[in-house]
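The exercises below ask you to work through a metal site and two helix pairs. Try each task before reading its solution.

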Amino acid sequence: MSNDLALDLDEHSHTIIHIDLDCFYAQVEMIRNPSLRNVPLGIQQKSLLVTCNYIARECGVKKCTTIADAKSVCPNLVLINGEDLYDYRKISYQVTAYLQRYSPLVERLGLDENFVDVTSIVNDRIQNVIIDDIKIEGHVFGETNEFCQCGCQDRLKIGSMIAQQIRDGIRKELNLTSCAGIAHNKLLAKLVGSVHKPNQQTTIFPNSALELMLDFKKVARIPGVGHTMAETLERLNIKTIEDLHNCKFEELKSALTPEKAKWLVNMSYGRDTSAVKPSGKPQSIGLEDSCKTITAEAEIKEKFHQLLNRLIILVSEDGRIPTTIKVTIRKFDKISHRESRQCNISPNLFIIEKHSSNIHLNEQSENKLMSIIMNLFNKLVNVSQPYHITLLGLSFTKFQERFSGRSSIASYFIKDVAVQSITSIENMRATQDITENLPTTSQHALNTDAFLESEIEPSPKKSKITSFAVQHAQFNEPEYSSPSKLRVADLQLNSKESDKSESETETGKLDSKANESNGHNINQHIQCPPDADEEVFWELPTDVQQELWSEWKRNRQRDNESTNKPLKKAKTNTILNYFVKS
Ligand code: TTP
Ligand code: MG
């Protein structure tokens with residue numbers, strides 16, 4: 001073999017599960033209408049059949065065919081329009097959320113596929129099982145009797161048990177069946193999962209990797225090989241994986257790039273070193289409505305209004321605040337061509353409900369957004385001339401996380417409030433507008449960079465947060481330093497975290513406070529800095545106490561002062577200053 005020198009070392013320490021939902025859109029429709037479970041069902045988008053249930057597949061219907069072809073194969077095929085993705089997307093995120101209970105390392109791939117890296121659970125479980133008792137769940141791919149000595153076989157067997165549990169859970173909680181592939185890397189997990197379908201799972205051991213790859217035959221079936229690369233390879237007479245194994249690596253390098261050539265050769269042997277990258281939330285949330293031609297502005301407005309109301313539900317479920325809105329249209333004369341316009345919007349338009357944390361619009365903000373939408377529409381379409389619109393779309397992008405978690409310091413300064421938004425550097429003006437209306441104490445806090453230096457809530461992209469805004473906040477000195485008020489605020493902002501009633505949580509906190517005062521603090525490593533207000537300090541969450549204590553120790557070290565010397569208010573950008581007795 002001429003190109004095996006390009007191969008990466010094959011190490012098997014990971015256990016990856018690939019989950020692919022069966023005939024996804026069709027399953028969602030069958031949940032919505034159970035009578036469809038017993039008929040051949042196809043999901044139609046325009047003139048295409050994007051998927052069909054397995055009864056239809058038994059009749060010979062294939063996904064991704066034209067409706068005409070599908071109907072000719074199966075005349076009694078029942079068709080459902082699948083152009084509204086709302087429910088598909090919603091259920092897709094429920095599946096990902098379910099998988100995240102097993103591991104934080106869950107990577108979404110389209111709407112119905114996810115990789116889960118279960119290495120950590122496998123390594124935990126392997127400590128507590130008798131190896132001979134481990135039984136593989138589902139199918140095993142490959143004929144090989146050679147096994148690796150590194151322990152991967154046992155790990156993958158445990159992986160297969162976890163995959164079975166996951167699939168049972170998805171079935172029970174979300175009423176969806178799925179397939180799983182279990183392997184030591186993403187590539188093999190994805191490919192082997194499709195060997196037995198539907199509602200089955202397959203495990204592959206590393207020694208069978210080459211056999212699986214050769215079974216897939218065509219190079220174009222390697223995930224990541226796109227149309228252009230496949231064409232380049234074809235020019236080199238490389239169509240199959242076997243062709244690739246027999247080609248000259250030098251030729252491959254010059255036709256692709258050295259990096260791409262190396263990657264491709266590795267993939268063709270089933271070697272994939274890419275990690276499962278936890279997927280963040282989507283970069284945009286949008287809805288489109290394709291319609292028979294609309295020619296009147298009132299109708300356009302009505303459609304946008306409906307889209308906006310449905311979109312707000314999606315935004316509320318997502319939990320982040322958008323800062324950009326985009327309008328998309330398609331004109332009748334440009335049937336395959338979409339045009340869009342977007343603009344920034346103030347995050348303050350979105351109201352966060354106090355108890356549920358849901359997001360909604362009030363009348364004023366809804367009117368404001370509708371006028372922004374219609375302005376964007378007017379930029380796309382000259383309404384003084386006749387027009388025919390066949391698609392309207394609305395989406396939100398550029399999201400900000402909001403800070404309402406337990407560890408957000410915001411919760412310790414808020415009494416009976418709805419946290420409206422976090423304001424990033426780009427939205428400083430909006431922040432200033434709000435801060436101008438706040439009472440003095442809060443302005444003081446908001447205007448200080450140091451205040452947010454202490455933010456603990458993790459932000460996925462670690463965006464440069466400089467300030468936050470709170471709507472209708474009632475700040476004043478006695479309230480924020482009063483222990484009971486602090487607890488109520490904490491509780492309101494975290495109502496989703498716990499099912500406990502207010503009084504239960506309150507009692508829990510009081511009990512833990514009692515423990516703390518007996519021993520001063522459960523965590524013996526933390527002490528109250530000498531000049532900090534002790535009453536306030538012991539009411540803070542442990543992580544903030546830890547930070548304050550560490551900050552004080554750092555100051556002391558720097559100034560080379562003794563522990564009992566009064567605390568210097570030397571650094572202006574430290575939260576410690578807010579807890580120092582005046
Ligand atoms: P797939 O996973 O390819 O198909 P599937 O889940 O319907 O069927 P299978 O049991 O073979 O996994 O795609 C997931 C969904 O994505 C599918 O239900 C419909 C949608 N889809 C499109 O909208 N357009 C397409 O071209 C394809 C292939 C799928
Ligand atoms: Mg699928």
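**Exercise 1.** In this predicted model, determine which arrangement the 6 donor atoms around the magnesium ion (ligand 2) make.

*Solution.* Begin with the angles that the 6 donor atoms subtend, which run from 80 to 172°, and which make the arrangement octahedral. For comparison, ideal angles for six octahedral donors are 90 or 180 degrees. Next, identify the donors that the protein supplies: D20 (OD), L21 (O) and D112 (OD), lying 2.0 to 2.2 Å from the ion. Along the chain, the donors follow the spacing D-L-x90-D. Finally, place two of them: D20 belongs to strand β1 (residues 16-21), whereas D112 sits in the loop between β6 (106-109) and β7 (113-117), so the pair ties together parts that are 92 residues apart in sequence.

**Exercise 2.** Describe how helix α13 (residues 297-318) and helix α14 (residues 363-380) cross.

*Solution.* The two axes come within 10 Å and cross at roughly 125°. The helices α13 and α14 are therefore oblique to each other, and α13 passes α14 in a right-handed crossing. Among the residues that make the contact are I300, F304 and L308 of α13, together with L369, I373 and F377 of α14. Sorted by class, the contact has 8 nonpolar, 3 polar and 3 charged residues.

**Exercise 3.** Describe how helix α4 (residues 86-99) and helix α6 (residues 152-174) cross.

*Solution.* The axes of α4 and α6 come within 11 Å and cross at roughly 135°, which makes α4 oblique to α6. The crossing of α4 past α6 is right-handed. In the contact, Q94, V95, Y98 and L99 of α4 meet residues of α6 including I166, G169 and I170, and the contact residues divide into 6 nonpolar, 3 polar and 1 charged.

Conventions: Residues are numbered from 1 along each chain as its sequence is written. Chains are lettered from A and ligands numbered from 1 in the order in which they are written. This is a predicted model: local features need pLDDT of at least 70, side-chain atom pairs count only at pLDDT 80 or more; totals for chains, interfaces and linings use all residues. Side-chain values use heavy atoms; hydrogens and water are left out. Axes are lines fitted to C-alpha atoms, for helices over the stretch in contact, and angles run from 0 to 180 degrees between N-to-C directions. Helices (H or I, at least four residues) and strands (E, at least two) are DSSP runs, numbered from the N terminus. Angles under 35 degrees count as roughly parallel, over 145 as roughly antiparallel, 65 to 115 as roughly perpendicular and the rest as oblique. A crossing is left-handed if the near helix is turned anticlockwise from the far one by less than a right angle, and right-handed if clockwise. Contact means heavy atoms within 4.5 Å. Ala, Val, Leu, Ile, Met, Phe, Trp, Tyr, Cys and Pro count as nonpolar, Asp, Glu, Lys and Arg as charged, and the others, Gly among them, as polar. Donors are N, O and S atoms within 2.8 Å of the metal (3.2 Å for Na, K and Ca); water is not among the atoms, so sites may look incomplete. Four donors count as tetrahedral if all angles lie between 85 and 135 degrees; four count as square planar and six as octahedral if opposite donors are over 155 degrees apart and all others between 65 and 115; anything else is irregular.
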